[in-house]
Every structure is written in structure tokens, then in C-alpha cells.
Amino acid sequence: MADFSAIRGVAFDLDGTLVDSAPGLAAAIDLALAEMGLPQAGEALVGTWIGNGADVLVQRALRWAEVDATAEHCQQVRQRFDHFYAQTVDSGSRLFPEVKATLARLAEHGYPMALVTNKPTPFVAPLLQALGIIDYFSLIIGGDDVVEKKPHPAPLYLVFGKLGLRANEVLFVGDSRNDIQAAQAAGCPSVGLTYGYNYGEAIALSHPDRVLERFADLLPALGLSFLENQEFKHE
């Protein structure tokens with residue numbers, strides 16, 4: 001089992017890790033498709049397209065609808081997706097169980113925390129604010145804040161620099177192979193969560209340093225107890 005004793009900071013993915021955002025994303029992409037007279041994909045299928053940012057989500061939707069994903073088509077659908085998602089980003093997203101209490105516990109123990117997501121940057125802060133977790137993060141990196149998105153390690157290199165920590169001192173927590181591959185490329189340890197969006201495949205296939213089924217299991221993995229935190233009983 002991986003030794004996390006050197007960990008001094010934690011970085012998190014967003015969609016599928018902290019937040020169940022599939023309902024809002026699916027609603028937005030389906031509305032955009034419907035405007036073009038195309039079939040709607042539904043939440044279950046859209047969930048398998050999440051993880052590489054909005055542009056790739058649109059491309060996958062158009063290919064599924066058997067439409068030529070030209071730059072013009074993609075731009076048109078992306079504009080309408082952004083329009084609809086701005087209306088559903090809050091109502092169509094919810095925290096996964098134990099997330100808020102676990103973040104609070106990590107903050108109590110002085111862990112600096114970063115958020116690294118491929119989600120378009122304009123949607124990130126409003127979502128975190130609406131869900132009541134924005135104050136836990138000393139650094140927020142959205143999909144528009146870096147030239148290369150995950151699985152490229154560039155966002156994590158930025159985390160190391162901004163937090164002033166070495167790669168082996170930062171734990172990256174995610175739900176998809178993009179997250180694990182980014183961590184491996186950046187040289188930092190990783191946790192893969194089993195409940196998120198990973199293109200229909202098991203996160204263990206990406207070989208994270210640790211596979212966890214519950215978000216709160218991060219605490220004992222870092223040598224922390226959550227038994228006395230009564231919030232877990234109510235999430």
C-alpha cells in the first residue's frame with residue numbers, strides 16, 4: 001500500500017470527484033443537440049463523455065449523433081452548450097457524500113488544497129460558491145487557465161509551484177484516467193475514486209497509488225481520523 005506520509009498538500013479534480021455534475025452537463029448538451037434537430041443522449045451516456053473539457057464533450061456528442069464534427073459545428077454547439085449550462089450548472093450539480101466534511105477536516109489539519117479541473121474556467125468558481133466549498137481551496141485551476149489540460153501534467157506543475165511543494169508532497173485525487181495519468185506524468189502520488197466518471201472503465205486499470213470507494217477514506221489514508229466528526233453521519 002502506498003505511503004502518503006510525505007504528503008503536505010492535496011489537489012482535487014472536480015467533476016466526478018467532488019461534484020456529481022452529470023445531470024447539469026447532460027441537460028445542457030441535450031438542449032444544444034435538440035436545437036440542431038439532433039437526438040438527445042441522456043445522462044447515462046453523457047456521463048461517459050465527461051473529463052476532457054467542454055470542447056471534447058461537444059465533439060463526442062456530435063460523433064454519437066453521427067454528425068460531422070467540423071470546427072463550425074463544434075463551435076455552434078459549444079456556444080449553445082455554454083448558454084444552457086450557465087442556467088443549469090448550479091441546479092444540475094451536487095456534492096458527492098462526505099465531500100464537504102472531509103474538506104473541512106483536511107483544512108483543520110492545515111493541508112493546503114488546490115482544485116484542478118478541465119471544466120471551462122467561467123463555470124468553476126460559481127459552482128464552488130453555490131456548493132459552499134470555494135473557501136477550502138487556496139488555488140483553483142480551470143480548463144482555460146493552462147495551455148495543456150489533463151492528462152498533461154502542466155496543471156499539476158502549476159500546483160507545485162503555487163503551493164511551494166515538491167511533487168512527492170502533493171496528493172492528486174481524481175476519478176478518471178485523465179487524473180491518474182496527469183499525476184503519473186507529473187511525478188506525484190494519486191488516489192483514484194471508484195464512483196466517478198471514467199468512460200465506463202474501472203479506475204484501478206489506470207494504476208493509481210491507492211483506490212478508494214468513499215471520499216472520506218482519504219482521511220485515514222493520510223493518517224487522520226474522522227470518527228469524531230459527526231457531520232459524516234448526516235451526509
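**View A. Glu35 and its partner Arg80 in a predicted model.** Glu35 is partly exposed, with a relative accessible area of 47%. As in every view here, the coordinates come from a predicted model. The side chain of Glu35 meets that of Arg80 in a salt bridge, with 2.7 Å from N to O. Because Arg80 belongs to helix α4 (residues 71-88) and Glu35 to helix α1 (residues 22-35), this pair ties together parts that are 45 residues apart in sequence. Arg80 is also partly exposed, and its relative accessible area is 29%.

**View B. A salt bridge within helix α4.** Stay with α4 for this one, and look for Arg78 and Asp82, both of which lie in that helix. They are four residues apart, about one turn of the helix. An α-helix has 3.6 residues a turn, so residues three or four places apart point the same way. The closest N and O atoms of the Arg78–Asp82 salt bridge are 2.8 Å apart. How do the two partners sit with respect to the surface, buried or partly exposed? Arg78 is buried at a relative accessible area of 17%, whereas Asp82 counts as partly exposed at 23%. Elsewhere, salt bridges with shared partners join Arg8, Arg166 and Glu169 into one network.

**View C. Asp13 and Lys150, a buried pair.** Among the 13 salt bridges that the structure holds is the one between Asp13 and Lys150, whose closest N and O atoms are 2.7 Å apart. Asp13 sits in the loop between β1 (9-12) and β2 (19-20), and Lys150 in the loop between β5 (139-141) and α7, so the salt bridge ties together parts that are 137 residues apart in sequence. Both Asp13 and Lys150 are buried.

**View D. The open sheet and the helix packed on it.** Reading across this open sheet of six strands, you will meet the order β5-β4-β1-β6-β7-β8, with parallel pairing. At the edges are β5 and β8, each of which pairs on one side only. On average, neighbouring strands are turned by 20° against each other, direction ignored. Zoom in on β4 (residues 113-116) and β5, and you will find them paired in the parallel sense over three bridges. Here Val116 stands opposite Ile141 in β5. Helix α7 packs on the sheet, where it touches β1, β4, β5 and β6. The direction of α7 makes about 160° with that of β5.

**View E. Helix α8 and what covers it.** Which residues of α8 (residues 177-186) are buried? They are Asn178, Asp179, Ile180, Ala182, Ala183 and Ala186. The cover over the buried residues of α8 includes α7 (154-163), β6 (170-174) and β7 (190-193). After α8 comes Gly187, which has a positive phi, near 85°.

**View F. Asn198 and its contact with Arg177.** Look for Asn198 in the loop between β7 and β8 (210-212). Why is Asn198 counted as buried? Its relative accessibility is 5%, and the buried class takes in values under 20%. The side chain of Asn198 reaches the backbone nitrogen of Arg177 at 2.8 Å. Setting aside neighbours within four places in sequence, Asn198 is in contact with Asp175, Ser176, Arg177 and Ile203.

Terms used:
Residues are numbered from 1 along each chain as its sequence is written. This is a predicted model: local features need pLDDT of at least 70, side-chain atom pairs count only at pLDDT 80 or more; totals for chains, interfaces and linings use all residues. Side-chain values use heavy atoms; hydrogens and water are left out. Buried means under 20% relative accessible area, exposed over 50%, partly exposed in between (1.4 Å probe, protein chains only). Helices (H or I, at least four residues) and strands (E, at least two) are DSSP runs, numbered from the N terminus. Contact means heavy atoms within 4.5 Å. A polar contact is a pair of N or O atoms within 3.5 Å; within protein, one must be able to donate a hydrogen and the other to accept it, and residues adjacent in sequence count only if both atoms are side-chain atoms. A salt bridge is a side-chain nitrogen of Lys or Arg within 4 Å of a carboxyl oxygen of Asp or Glu. Two strands pair if DSSP finds at least two bridges between them. Axes are lines fitted to C-alpha atoms, for helices over the stretch in contact, and angles run from 0 to 180 degrees between N-to-C directions.
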